[in-house]
Amino acid sequence: MGRVDTFKLITYPVVAFIFLLFFGMVFVYFVNSIPALERYGVDLYLRNIWKAAEEPSKEVYGIAAAIWGSVYTSLIAILIAFPLALAYSIFVVDYVPRKLKSVLIILSDIMAGLPTIIYGIWGAFFLVPFLRNWIMEPLYEHFSFIPLFSYPPVGGYSYLSAGVLLGIMVTPFATSIIREAYSMIPFTYREAVYSLGATRYEATKILVGYIKPAIISGLILAFGRAIGETVAVSLVIGNTFNLSPKLFAPGYTISSLVANQFGNAFIYRYMTSVLFAAGLALFIIGIVVDMLGKRSLKRWEKNVRI
């Protein structure tokens, strides 16, 4: 038996363990969700209601607001992260002096690896008051006739605050993917663009178009990362069962709902199962989003090698 075969025999159990762990997690979520799904059915995901009661017959739950909040804040985060990540990647690869390049890359990686509680505390004590005083109140005062800005920003804890904080958090993650793709563009392509007489701006525009699939996959993966964030979002979103597109309104996400309600869920008969059903929905959304992003990135990397 060769060394390669021995190495395979050693790694197979590890791979099998990972698969078993993954499917085991899905199984646990599904089994614990069954009581809630049997009682409420699809309405659990379509209604916005949360009535906990010690008498099981009076318990009524619907997590539509939490699903909406997760998707809404993640979309806001992507809209913020996209220009920041793209500009940062281009600047680091093409414009920054060589001595500073590694410093900026390390700084971005450090931000990507910071504990989320650090972002959450900073967001609650600095970002929320800043957004309320300098963004929300002026927009509400002058543009409240626009539905997006028509909710009074009393406390500042809102979809907008959560989306901005998530955008800051996922920007380093998206940057690492876009920067890697942009730096992987063959040097001959760059030479070809400049040989045609393109300016630096025109060349950058053409090269960015070449890595468009990688940019899309980076944003999709960043969306998946944002939609599952818990602690930081819980501190700035307001934690209210509010189903509204108004940016300044407080809301809930699936993650913040589970984090806030799981501690006392054992008191009620169906609440624990409902939270598992919410986690199952988040699990499925995350898997689908990650698969789409990685499929797009893999396809682009294959084309680059060709």
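**Close-up views of a predicted model**

The stretch 214-237 is 83% helix and 0% strand, and its end C-alpha atoms sit 30 Å apart. This is a predicted model, so keep that in mind for every view below.

**View 1. The whole chain, before zooming in.** Twelve helices and two strands make up the secondary structure. Walk along from the N terminus and you meet α-α-β-β-α-α-α-α-α-α-α-α-α-α. The C-alpha atoms fit a box of roughly 75 × 70 × 30 Å along the principal axes. Of the 306 residues, 41% count as buried. Take the contacts with a separation of 6 or more: 72% of them are between residues 24 or more positions apart. About 16900 Å² of the protein is exposed, and carbon and sulfur atoms supply 70% of that.

**View 2. Stretches that carry a UniProt annotation.** An unreviewed UniProt entry lists "transmembrane region" for residues 12-31, 60-91, 103-131, 157-178, 214-237 and 267-289. One of these, 103-131, is 93% helix and 0% strand in the model, with 29 Å between its end C-alpha atoms. The record, again an unreviewed entry, also gives "domain: ABC transmembrane type-1" for residues 67-293. Across 67-293 the model is 75% helix and 0% strand, and the end C-alpha atoms are 20 Å apart.

**View 3. A nonpolar patch out on the surface.** Which residues form the nonpolar patch on the surface? They are Ile106, Leu107, Ile110, Met111, Leu114, Ile117, Ile118, Ile121, Phe125, Val231 and Leu235, with about 950 Å² of accessible area together. Three helices, α4 (98-113), α5 (116-143) and α10 (231-236), each chip in at least two residues of the patch. Look for Val231 in helix α10. Val231 counts as partly exposed because its relative accessibility is 36%, which falls between the under 20% for buried and the over 50% for exposed.

**View 4. Asn239, just past α10.** The loop between α10 and α11 (254-261) is where you'll find Asn239. The backbone here is worth a look: Asn239 isn't a glycine, yet has a positive phi of about 50°. Is Asn239 buried or partly exposed? It is partly exposed, since its relative accessible area is 25%.

**View 5. Ser161, tucked inside.** Ser161 belongs to helix α6 (residues 159-183). With a relative accessibility of 0%, Ser161 counts as buried. What is Ser161 in contact with, leaving aside neighbours within four places in sequence? The list is Leu127, Val128, Leu131, Met136, Gly156 and Val236.

**View 6. The largest nonpolar core, with Tyr61 in focus.** This core has 72 residues, and Trp50, Tyr61, Tyr182 and Val274 are the ones with the most contacts inside it. Helix α6 gives the core its largest share, 13 residues. Zoom in on Tyr61 and, setting aside residues up to four places away in sequence, you'll see it touching Tyr40, Leu44, Arg47, Ile49, Trp50, Lys51, Ala52, Ala53, Tyr268, Tyr270, Met271 and Val274. So two of the other core residues just named, Trp50 and Val274, show up on the Tyr61 contact list too.

**View 7. Two salt bridges.** How many salt bridges does the structure hold? There are two. Side chains of opposite charge can pair when their charged atoms come close. In one, Arg190 meets Asp94, with the closest N and O atoms 3.2 Å apart. That pair ties together distant parts of the chain, 96 residues apart: Arg190 in helix α7 (residues 187-195) and Asp94 in helix α3 (residues 64-95). Arg190 counts as buried because its relative accessibility is 13%. In the other bridge, the side chains of Glu55 and Lys58 come together at 3.8 Å, N to O. Glu55 has a relative accessible area of 43%, so this residue is partly exposed.

**View 8. Tyr201, on the outside.** Tyr201 has its place in helix α8 (residues 200-210). Is Tyr201 buried or exposed? It counts as exposed, because its relative accessibility is 60%. To get a feel for the distances, pair Tyr201 with Pro35: they are 166 residues apart along the chain, and their C-alpha atoms are separated by 58 Å.

Notes: Residues numbered from 1 in each chain as written. Predicted model: local features only at pLDDT ≥ 70, side-chain atom pairs only at ≥ 80, totals over all residues. Heavy atoms only, no water. Patch = residues over 30% accessible without salt bridge, like charges linked within 9 Å, V, L, I, M, F, W, Y side chains within 5 Å. Areas by Shrake-Rupley, 256 points an atom, 1.4 Å probe, with all protein chains shown as cover. Salt bridge = Lys/Arg side-chain N within 4 Å of Asp/Glu carboxyl O. Helix = DSSP H or I, 4+ residues; strand = E, 2+ residues; numbered from the N terminus. Buried < 20%, exposed > 50% of the residue type's maximum accessible area, 1.4 Å probe, protein only. UniProt positions renumbered as here; feature names shortened; annotations may be inferred. Contact = heavy atoms within 4.5 Å. Core = buried A, V, L, I, M, F, W, Y, C linked by side-chain atoms within 4.5 Å.
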